[in-house]
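Open the model in a viewer and keep the sequence beside it. The stops below say what to select and what is there.

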Amino acid sequence: MELVEDKYNSDFNIYKYVDNTITINGTSFSEPIIFFERKISSFPVNNPKLININDIEKYLKTIDLVLIGTGINTILPNQDLIELMYKKNKGLEFMNTDSACKTHNVLLSENRSFISVLYP
């Protein structure tokens, strides 16, 4: 099957994830970050297992999906977060950060309403 290069370009595409560093538009991040409304900020929770609804509640009003890149390995979020996101009818995707970076770029190209929490 022949693949066609995606010509969508954004200042927030993730260009590289290597050596526990995420590179977005020439800036490298080696600590957890959150992408929301075309802004990147540090994310205060140092372990993806510890994310709770209070950490992301303020973002949920305007988005449909929370994407969590959990580092080198896929780590399940706590069960309470999974249940609360289900009750709020919001998507929750978690995967290793390499896969999450690729998914982040696809979601950007589709102009989806989401946040990305990425752990290098």
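Select Ile34 and then Val117: Ile34 stands opposite Val117 in β8. The model is a predicted one. Stay with this pair of strands and colour β4, residues 33-36, and β8, residues 114-118; the two pair in the antiparallel sense over three bridges. Add Phe35, whose bridge partner in β8 is Ser116.

**Along β8**

Show the side chains of β8. Which residues point which way? Phe114, Ser116 and Leu118 point one way from the strand, while Ile115 and Val117 point the other way, and all are buried. Because five of the five residues of β8 are buried, the strand is largely enclosed by the rest of the structure.

Now move to β6. Strands β6 and β8 pair in the parallel sense over five bridges. Val66 is a convenient residue to pick here, as its bridge partner in β8 is Ile115. In general, strands of a sheet pair through backbone hydrogen bonds, and they do so either parallel or antiparallel.

**The sheet around β8**

Select the remaining strands of this sheet. Five strands form an open sheet, and reading across gives the order β5-β4-β8-β6-β7, with mixed pairing. The edges are β5 (39-42) and β7 (91-95); each has a single partner strand, so one side of each is left without a neighbour in the sheet. On average, neighbouring strands of this sheet are turned by 15° against each other, direction ignored.

**Helices on the sheet**

Select α2, residues 79-87. This helix packs on the sheet, touching β6 (65-69) and β7, and its direction makes about 145° with that of β7. Zoom in on the start of α2, where a side-chain oxygen of Asn78 reaches to within 3.1 Å of the backbone nitrogen of Asp80. What follows α2? The helix is followed by Asn89, whose phi is positive, near 60°.

Next select α3, residues 97-109. Helix α3 lies across β4, β6, β7 and β8, running at about 150° to β6. Keep α3 on display, for it also lies across β1 and β2, running at about 180° to β1.

**The three-stranded sheet**

Select β1, β2 and β3. These three strands form an open sheet in the order β1-β2-β3, with antiparallel pairing. The edge strands are β1 (14-18) and β3 (27-29), each of which pairs on one side only. From one strand to the next, the twist averages 20°.

Within this sheet, look at β2, residues 21-24, and β3, which pair in the antiparallel sense over three bridges. Pick Thr23 to find one of the partners: its bridge partner in β3 is Ser28.

**Two asparagines in loops**

Select Asn20, in the loop between β1 and β2. Asn20 has a positive phi of about 55° although it is not a glycine. Most residues other than glycine have a negative phi. Is Asn20 buried or partly exposed? Asn20 is partly exposed, with a relative accessible area of 38%.

Go on to Asn25, found in the loop between β2 and β3. Asn25 has a positive phi too, of about 50°, although it is not a glycine. With a relative accessible area of 45%, Asn25 is partly exposed.

**The nonpolar cores**

Which residues of the largest nonpolar core touch the most other members? This core has 18 residues, and the ones to select are Ile51, Ile56, Val66 and Ile115. Strand β4, helix α1 (53-56), strand β6, helix α2 and strand β8 each supply at least two residues of this core.

Centre the view on Ile51. Leaving aside its neighbours within four places in sequence, Ile51 is in contact with Phe43, Val45, Ile56, Ile68, Asn78, Leu81, Val117 and Tyr119. Val117 in this list is the residue opposite Ile34, and Asn78 is the one at the start of α2.

Apart from the largest core lies another, of 17 residues, among them Ile14, Ile24, Ile33 and Leu118.

**Confidence**

For the last stop, colour the chain by pLDDT. The protein chain averages a pLDDT of 92, and 92% of the residues score at least 70. Then select residues 1-5, where the pLDDT is below 50; beyond near neighbours in sequence, this stretch has zero contacts in the model. Where pLDDT is low, the predicted coordinates should not be read in detail.

How values were computed: Residues are numbered from 1 along each chain as its sequence is written. This is a predicted model: local features need pLDDT of at least 70, side-chain atom pairs count only at pLDDT 80 or more; totals for chains, interfaces and linings use all residues. Side-chain values use heavy atoms; hydrogens and water are left out. Two strands pair if DSSP finds at least two bridges between them. Helices (H or I, at least four residues) and strands (E, at least two) are DSSP runs, numbered from the N terminus. Axes are lines fitted to C-alpha atoms, for helices over the stretch in contact, and angles run from 0 to 180 degrees between N-to-C directions. Contact means heavy atoms within 4.5 Å. Buried means under 20% relative accessible area, exposed over 50%, partly exposed in between (1.4 Å probe, protein chains only). A polar contact is a pair of N or O atoms within 3.5 Å; within protein, one must be able to donate a hydrogen and the other to accept it, and residues adjacent in sequence count only if both atoms are side-chain atoms. pLDDT is the predictor's confidence in each residue, from 0 to 100. A nonpolar core is a set of buried Ala, Val, Leu, Ile, Met, Phe, Trp, Tyr and Cys residues joined through side-chain atoms within 4.5 Å.
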